[in-house]
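Please look over the sequence and structure below, and then read the briefing that follows, which begins with the surroundings of the ligand.

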Amino acid sequence: MAAHQEKKLAQERKHKPSQNDTQLSQVQWGRAWEVDWFSLASILFLLLFAPLIVYYFIMSCDQYQCSLTDPLRDLLTGNKHLSDIWNKTPALTYRAAGIYCLWVAFQVVLYMFIPDFCHKFLPGYVGGVQEGAVTPAGVVNKYEINGLQAWIITHVLWFANAYYFHFFSPTIIFDNWIPLLWCANILGYAVSTFAMIKGYFFPTNAKDCKFTGNFFYDYMMGIEFNPRIGRWFDFKLFFNGRPGIVAWTLINLSYAAKQQELYGQVTNSMILVNVLQGIYVLDFFWNEAWYLKTIDICHDHFGWYLGWGDCVWLPYLYTLQGLYLVYHPVRLGTANAVGVLMLGLIGYYIFRVTNHQKDLFRRTDGNCRIWGKKPQYIECSYMSVDGTKYYSKLMTSGFWGWARHFNYTGDLLGSLAYCLACGFAHILPYFYIIYMTILLTHRCIRDEHRCSSKYGKDWKHYTAAVPYRLIPGLF
Ligand code: NDP
C-alpha cells in the first residue's frame with residue numbers, strides 16, 4: 001500500500017536529533033504563527049464578503065437572468081432598493097431544511113458506516129484504510145477511503161429515482177437552490193465555529209494546533225490540523241469530499257433535468273459541462289487516497305476557509321456554468337463543441353499525468369520511470385516539531401521539470417473549457433476560471449513560501465533547476 005510504504009521509508013530515513021538539529025527544529029513549517037496586515041485584511045474581506053458574493057451570483061441568476069451588471073445598475077439608478085431584491089429572494093423553507101439534513105445525514109452514513117468494498121473488485125483503485133502524510137507534529141493519521149463508493153451509491157440511487165421510483169423530481173436541487181443556500185450556510189458556519197471551539201477545548205492532537213492570537217485569522221484558517229470526532233470522522237476528508245464534491249455532479253444533473261423540463265431537450269453545452277466536470281469529480285474520488293497527500297489535507301488547518309468553503313463556496317460557485325445554462329440554453333456548433341471537449345480533455349490529461357508523476361515518484365522514493373527514464377531530483381531535508389529530521393526529494397523530471405506547478409496549469413485549461421462551453425454572452429460563467437486563476441496562483445505562492453521554510457537552501461536549488469511556476473518560459 002502506497003501510504004504504508006511511504007511511512008516505512010520515512011521511518012527508515014529519519015535519525016535521532018543532534019543538538020544542531022534540535023535548534024533547527026525551531027524552524028516551523030505548516031500554517032503561519034504570525035499574521036501580517038495583508039493576510040488579516042484579506043481574511044476580514046473574505047469573512048465579510050464571500051457569503052455576499054455567493055448570494056449575489058445566485059440571486060442574479062434567479063432575478064436577472066444571470067446578468068451581473070443589471071442588479072447593480074438597478075440599485076445605482078434607484079430603480080430598485082436592496083429591500084426589493086431581498087424581498088424577492090426565496091426564504092429558508094422546512095422542505096429545504098429537510099432535504100439538506102437528509103442529504104448530509106446520508107453522506108455521514110455512507111462515510112462512517114459502509115467500509116470500502118470498491119478496492120476489492122476495481123483493479124488499480126486504492127481504497128479502504130490508508131495513511132496520510134506525516135503532520136508537523138510527526139503524527140500519521142489513518143483514513144477510511146470510501147468516497148468512490150459513496151459517489152457510486154448516491155448516483156445509482158439518483159438515477160434509480162429519476163427513471164424508476166419517481167419519489168422526487170430530478171429538478172429538486174435547482175427548484176430549491178436558494179432555500180438550500182441558507183441551509184448550506186448554517187452548516188458551514190456551525191462546522192467552522194465548532195472546529196474553533198474544539199481547537200481550544202478538546203483538540204484531537206494538541207501538538208498539531210496553531211494559535212496566532214488573532215481571533216479572525218484563527219477562525220478563518222483554523223486551529224486544529226486534523227480535527228476528528230472519534231477515530232474515523234475526519235472533518236477535512238468528509239467536508240471537502242462529501243457533501244461538497246459528491247453533490248457537484250448531482251447539482252449538474254439537476255440543472256440538465258431542468259433544461260429538459262423547460263426546453264424539452266438538453267443542450268450540447270450542458271452535456272459538455274456535465275461530462276467534463278463529471279470526469280474531474282470521478283478523478284477526485286478514484287484518487288481519494290492520493291488526495292491525502294495534497295495541500296488541503298497535508299498543510300491546511302481546518303477553519304472557516306475549508307468548513308464554510310466546502311459547504312457553500314464549492315457547491316454554489318463551482319456549478320455556475322450549469323446554472324447559467326438553465327437560463328441561457330447555449331447550443332454550440334459542432335466545431336466549437338469539439339474544441340471545448342478537446343481543451344477540457346487536454347487540461348485533464350495534463351492535470352492527471354502531472355499529479356500521477358509526483359505520486360509515483362514519492363511512492364517509490366524515486367525508484368520509478370518518468371517518460372521512460374529514471375527521474376532526476378534534488379535531495380532535501382526538513383524537521384518536524386519534535387526535532388526529528390526527515391529526508392525527501394523534489395523531482396525535476398517529466399512535467400515537474402517544465403514548471404513547478406504544471407498540475408495547476410492543466411487544471412486551469414480544464415476550467416477554461418467549462419466556461420467556454422457557455423459562450424460569450426455573459427461574464428458570470430467565467431467566474432470559475434477567474435477564481436481558479438487567483439486561487440491557484442495564490443496557492444503556488446503560499447505553497448512555495450511553505451516549501452521554502454521547510455526545505456531552506458534545498459528549495460533554492462530546486463527553484464534554480466525549475467525556474468517557472470505555471471507556464472514554462474513565462475511565469
Ligand atoms: P500539489 O499536488 O502540487 O502539492 C504540492 C506539494 O507537493 C508541495 O507542497 C510539496 O510537498 C510537493 N512537491 C512540490 N514540488 C515537488 C516536486 N518537484 N517533486 C515532488 N514533490 C513536490 O498541490 P495541491 O495539493 O495544491 O494540488 C493537488 C491538485 O489539486 C492540483 O492538481 C490542483 O490543481 C488541484 N486543486 C484543485 C482545486 C479546486 O478547487 N478545483 C483546489 C486546490 C487544488 P512536500 O512538503 O511533500 O514536499
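The shell around the ligand is made up of 15 nonpolar, four polar and eight charged residues, where Ala, Val, Leu, Ile, Met, Phe, Trp, Tyr, Cys and Pro count as nonpolar, Asp, Glu, Lys and Arg as charged, and the others, Gly among them, as polar. This is a predicted model, in which local features need pLDDT of at least 70 and side-chain atom pairs count only at pLDDT 80 or more, while totals for chains, interfaces and linings use all residues. Residues are numbered from 1 along each chain as its sequence is written, and side-chain values use heavy atoms, with hydrogens and water left out.

**Around the ligand**

- Of the 27 residues around the ligand (a residue is near if one of its heavy atoms lies within 4 Å), Tyr408, Asp411, Asp447, Lys454 and Tyr455 come nearest.
- Among the polar contacts (pairs of N or O atoms within 3.5 Å), a polar side-chain atom of arginine 450 lies 2.6 Å from an oxygen atom of the ligand, and a polar side-chain atom of asparagine 407 lies 2.9 Å from a ligand oxygen atom.
- In the side chain of tyrosine 280, an N or O atom is 2.9 Å from a nitrogen atom of the ligand.
- On its own the ligand has 930 Å² of accessible area, of which the protein covers 92%; such areas come from the Shrake-Rupley method with a 1.4 Å probe.
- Two or more residues of the shell come from each of helix H18 (334-363), strand E6 (389-395), helix H20 (406-420) and helix H21 (431-455), and the largest share, nine residues, comes from H21; helices (H or I, at least four residues) and strands (E, at least two) are DSSP runs, numbered from the N terminus.

**The two domains**

- The chain is divided into domain 1 (90-331) and domain 2 (334-474), with bounds that come from an automatic or database domain assignment.
- Because both domains give residues to the shell around the ligand, the ligand lies between them.
- Contact, meaning heavy atoms within 4.5 Å, links 32 residues of domain 1 with 36 residues of domain 2.
- The two domains bury about 3,000 Å² between them, 64% of it on carbon and sulfur atoms; buried area is the accessible area (1.4 Å probe) that two parts lose on being put together, summed over both.
- In domain 1, Tyr280, Trp290 and Tyr324 lose the most area to domain 2, together 21% of what that side buries.

**Backbone details**

- Most residues other than glycine have a negative phi, and most peptide bonds are trans.
- Arginine 242 and proline 243 are joined by a cis peptide bond, with omega about 15 degrees.
- Cysteine 66, although not a glycine, has a positive phi of about 70 degrees.

Methods:
Polar contact = N/O pair within 3.5 Å; in protein donor to acceptor, adjacent residues only side chain to side chain.
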